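Visitor: I should like to take a close look at a single part of this protein. Please show me how one pair of helices packs together, and then place that pair within the whole.

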Amino acid sequence: MANMIMVFIYPIDKQLALMLGRHVCLFGWLLRSDLQFVRADKDRADKVELVRTMLPNRQDADYVLSQRQPPVAIITRIRQVLAHLGKTHRLSTAEEIAIEHIVHALSDSVTKTGTLRAAPIPTLYTSHTSRLLVFYLSCLPTALKLSGLDTITTTMLTMVIGFAMIGLDEISHLFEQPFRVIPMYQMSKRSTLAVADAFTCQPPSLAGEIIHDELSTLTQRELTSYWSSDDINKVTDNLME
């Protein structure tokens with residue numbers, strides 16, 4: 001998405017492209033906030049700080065924070081910009097469709113992850129299997145002893161089998177809430193860095209390509225620092241972790 005924005009939108013409207021880039025950066029963080037179970041007060045404070053830092057425009061930040069599903073608000077904002085550029089004939093139909101395919105993928109990810117969160121493995125299923133596991137492990141030493149094994153062998157086998165079976169039970173509990181296990185903080189952070197790379201790590205110009213851009217004379221180091229605004233320094237590395 002960030003590469004599409006940089007290639008198709010940035011040359012015709014830099015401010016709109018940067019606004020969309022900031023929204024795309026927020027998408028992963030806001031989706032993570034919706035999927036993981038955290039304290040409501042802490043989650044709200046972190047979300048407000050993050051959104052207001054990434055979106056300097058107060059109107060944009062208020063819109064995202066006021067929505068019941070902030071990730072969907074990000075998608076709506078992107079589609080609004082695409083529709084505006086399409087109506088003003090600043091984006092071709094092919095370019096608009098290419099970006100819309102990725103927007104649809106973002107929307108699809110919200111739907112699928114929301115379904116997983118809303119319909120996990122039923123707790124009755126895992127609790128019933130836990131009771132069966134306790135019954136099995138309780139009867140195991142007696143069954144091994146009656147089979148003719150000595151006490152030491154029976155004890156060792158019970159410990160090994162019990163360790164393996166209790167591990168399976170723990171896995172079933174993790175399946176109930178998968179988003180508590182998935183490293184979503186790291187994924188969101190890498191997503192943000194990828195968006196920044198799309199805007200700063202540009203390929204060299206082609207032969208005969210004419211670029212009318214004040215950034216074309218900057219080195220890679222200067223270009224990276226050029227897009228680093230002071231407001232982003234307010235966000236600590238462990239925000240929403």
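**A pair of helices in its setting**

Guide: In this predicted model, residues 24 or more positions apart account for 72% of the contacts with a separation of 6 or more. The protein as a whole has 10 helices and zero strands, so that, read from the N terminus on, its elements run α-α-α-α-α-α-α-α-α-α.

The pair chosen here consists of helix α1, residues 2–9, and helix α6, residues 93–118. Two packed helices are described by the angle between their axes and by the distance between those axes. For α1 and α6, the axes come within 10 Å and cross at roughly 165°. Angles over 145 degrees count as roughly antiparallel, and α1 and α6 are therefore roughly antiparallel to each other. Their crossing is left-handed.

Which residues bring the two helices into contact? On the side of α1 they are M4, F8 and I9, and on the side of α6 they are E95, A98, I99 and I102. By character, the residues of this contact divide into six nonpolar, no polar and one charged. The charged residue is E95 of α6.

The wider setting can be described in terms of burial and surface. Of the 241 residues in the protein, 34% are buried. The accessible surface of the protein comes to about 15,100 Å², and 63% of that surface belongs to carbon and sulfur atoms.

Notes. Residues are numbered from 1 along each chain as its sequence is written. This is a predicted model: local features need pLDDT of at least 70, side-chain atom pairs count only at pLDDT 80 or more; totals for chains, interfaces and linings use all residues. Side-chain values use heavy atoms; hydrogens and water are left out. Axes are lines fitted to C-alpha atoms, for helices over the stretch in contact, and angles run from 0 to 180 degrees between N-to-C directions. Helices (H or I, at least four residues) and strands (E, at least two) are DSSP runs, numbered from the N terminus. Angles under 35 degrees count as roughly parallel, over 145 as roughly antiparallel, 65 to 115 as roughly perpendicular and the rest as oblique. A crossing is left-handed if the near helix is turned anticlockwise from the far one by less than a right angle, and right-handed if clockwise. Contact means heavy atoms within 4.5 Å. Buried means under 20% relative accessible area, exposed over 50%, partly exposed in between (1.4 Å probe, protein chains only). Accessible areas come from the Shrake-Rupley method with a 1.4 Å probe; for residues, only the protein chains shown count as cover.
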